[in-house]
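Reader: I have a model open and would enjoy talking through its aromatic rings and one of its helices. Shall we take a look together?

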Amino acid sequence: MNNIVLIGMPSCGKSTVGVLLAKKLGYRFLDSDILIQEKCGMLLHEIIETEGLNGFLKIEGEVNRSIETDRTVISTGGSVVYSDDAMKHLKSIGKVIYIKISYETLCMRLGDYVHRGVVMPKGYTLLDMYNERKELYEKYADFILDEGDDSINKTLERIAKMCED
């Protein structure tokens, strides 16, 4: 299948870039966080409050493993990398691109991470989450795009070029 799967930290721009990339390539766009919310009938943070972190991660893994599509840009939730099965499935249906941002950028962009539905175990700091996930993103990525100070248009061009190969 010919899909593009975007992974990365919360607020790295997966959804924003994903929609624009889908338009540029003539692909569909799918946000797996929205699929999770539709399946459960709740917002992400409500699912985490109701099901706990492990329950949420189980649901997230199931939803991502069930994605069957073609010619689609898929924006994943930041915690999808905690499910090896989901990531193996996503890699089998498309190219996985890690949109990498610095810890400083994460702090600047993230805001209220509790109401955004960010999965973070009790006692973890943002830096703990950043360091843990960064390794997982790199493990599963086919391509790593260090966003740096790029504009959205520059990021789009770089991803489109990666996908041509």
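Reader: How many aromatic pairs does a search of the whole structure find?

Author: Happy to say, with the reminder that this is a predicted model. Searching the whole structure for aromatic pairs gives a count of two.

Reader: How are the rings of tyrosine 98 and tyrosine 137 arranged?

Author: Their centres are 5.0 Å apart. Planes under 30 degrees apart would count as stacked and those over 60 as edge-to-face. The planes here are at 35 degrees, so the pair is tilted.

Reader: Which parts of the chain does that pair link?

Author: Tyrosine 98 and tyrosine 137 are both buried. They are 39 residues apart, so the pair links distant parts of the chain: strand β4 and helix α7.

Reader: And tyrosine 103 with tyrosine 130: what kind of aromatic pair do they form?

Author: Tyrosine 103 lies in helix α5 and tyrosine 130 in helix α7. Their rings are 5.6 Å centre to centre. With 65 degrees between the planes, the pair is edge-to-face.

Reader: Is tyrosine 130 buried or exposed?

Author: Buried means under 20% relative accessible area. Tyrosine 130 has 7% relative accessibility, so it counts as buried.

Reader: Lovely! On to helix α8: which residues are buried there, and which are exposed on the other side?

Author: The buried ones are Thr155, Leu156, Ile159, Ala160, Met162 and Cys163. They cover an arc of only 155 degrees around the axis, which puts them on the same side of α8. Exposed on the other side are Asn153, Lys161 and Glu164.

Notes:
Residues are numbered from 1 along each chain as its sequence is written. This is a predicted model: local features need pLDDT of at least 70, side-chain atom pairs count only at pLDDT 80 or more; totals for chains, interfaces and linings use all residues. Side-chain values use heavy atoms; hydrogens and water are left out. Buried means under 20% relative accessible area, exposed over 50%, partly exposed in between (1.4 Å probe, protein chains only). Helices (H or I, at least four residues) and strands (E, at least two) are DSSP runs, numbered from the N terminus. The arc is that of the directions from the helix axis to the C-beta atoms. Rings of Phe, Tyr and Trp (its six-membered ring) pair if their centres lie within 6.5 Å; planes under 30 degrees apart count as stacked, over 60 as edge-to-face and the rest as tilted.
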